[in-house]
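Biologist: Please take a close look at a single part of this model. I would like one strand and its surroundings, followed outward step by step.

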Amino acid sequence: MASFCTTINCMDGRVQLPVIHYLKERFGADYIDSITEPGPVRILAEQTKTLLIESIFARLTISVESHKSRAVAVVGHHDCAGNPAPKEEQLEQIAQSIRFIKQRFNSIQVIGLWVDENWDVMEWRPSK
């Protein structure tokens, strides 16, 4: 049976493949479901755009329930047009996003990823 992971990632095409490759290796997944929005970590951290959040969560529900996704990665990146915040602020948004997602999806592993200026992917483990 095929295995899936899910990414909540920026729509920026520069970050798609590095994140897909990272998640396939990290989780041994065959496929990566992609949920994209401009600056998703800001959307999830601020929790003010209810319609966008519900759209993200509806797509995540399909991935988790239908594809049995084994993990979710929420992604921030360098040079984000949708969220031009500095790295440190985006890392805090990633931490807030992880906590928010876990409130609704507590049965699945949720990780944070940062994609740097060289398009290298690093797992972000925020302190509690």
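Modeller: Start with the side chains of strand β3. Ala71, Ala73, Val75 and His77 point one way from β3, while Val72, Val74 and Gly76 point the other way. Both sets are buried. Keep in mind that this is a predicted model. With seven of its seven residues buried, β3 is largely enclosed by the rest of the structure.

Now the strand's neighbours. Strand β1 (residues 4–10) runs parallel to β3, and three bridges join the two. One pairing to look for is Ile8, whose bridge partner in β3 is Val74. Strand β4 (residues 109–115) also runs parallel to β3, joined to it by seven bridges. Here Ala73 stands opposite Ile111 of β4. Val75 has Leu113 of β4 as its bridge partner. The connection from β3 to β4 involves a helix: β3, α4 and β4 make a right-handed β-α-β unit.

Next, β4 itself. Six of the seven residues of β4 are buried, so this strand is mostly covered. Its pairing continues with β5, which runs antiparallel to β4 through four bridges. Leu113 turns up again here, with Glu123 as its bridge partner in β5. The hairpin of β4 and β5 has five residues between the strands. In this hairpin, Trp119 takes a positive phi near 65°.

Stay with Glu123, because at 17% relative accessibility it counts as buried, yet its side chain is charged and paired. The side chains of Glu123 and Arg26 meet in a salt bridge, 2.8 Å from N to O. This pair links distant parts of the chain: Glu123 lies in strand β5 (residues 121–124), Arg26 in helix α1, and they are 97 residues apart. Arg26 has a relative accessibility of 30% and counts as partly exposed.

Helix α1 also connects to the region after β3. Asp79 forms a salt bridge with Arg14, with the closest N and O atoms 3.0 Å apart. Asp79 sits in the loop between β3 (71–77) and α4 (87–104), Arg14 in helix α1 (residues 13–27). The two are 65 residues apart, so this pair too links distant parts of the chain. Both partners are partly exposed: Asp79 has a relative accessible area of 47%, and Arg14 has 36%. The pair does not stand alone, as Asp12, Arg14 and Asp79 are linked in a network of salt bridges.

For a further charged pair, go to Arg99 and Glu92. Their side chains meet in a salt bridge at 3.5 Å, N to O. Arg99 counts as partly exposed at 41% relative accessibility. Glu92 counts as partly exposed at 39%. The count of salt bridges comes to seven.

One more element packs against β3, and that is helix α3. The 17 residues of α3 (residues 50–66) should span 24 Å at 1.5 Å a residue. The end C-alpha atoms are 24 Å apart, which agrees. Its buried residues are Ile53, Ile56, Phe57, Leu60, Ser63 and Val64. Seen down the axis of α3, these fall within an arc of 120°, so they line one face of the helix. What do they touch? The buried residues of α3 pack against β1, β2 (31–37), α2 (40–46), β3 and α4. The face turned away from the buried side carries the exposed residues Leu51, Ile62, Glu65 and Ser66. Just after α3, Lys68 takes a positive phi of about 55°.

To put it together, keep β3 as the reference. Parallel pairing joins it to β1 and to β4. The buried residues of α3 pack against it. The loop that follows β3 holds Asp79, which bridges to Arg14.

Key:
Residues numbered from 1 in each chain as written. Predicted model: local features only at pLDDT ≥ 70, side-chain atom pairs only at ≥ 80, totals over all residues. Heavy atoms only, no water. Salt bridge = Lys/Arg side-chain N within 4 Å of Asp/Glu carboxyl O. Buried < 20%, exposed > 50% of the residue type's maximum accessible area, 1.4 Å probe, protein only. Pairing = 2+ DSSP bridges. Right-handed = clockwise from strand over helix to strand, strands pointing away. Expected span 1.5 Å × (residues − 1). Arc of directions from axis to C-beta. Contact = heavy atoms within 4.5 Å.
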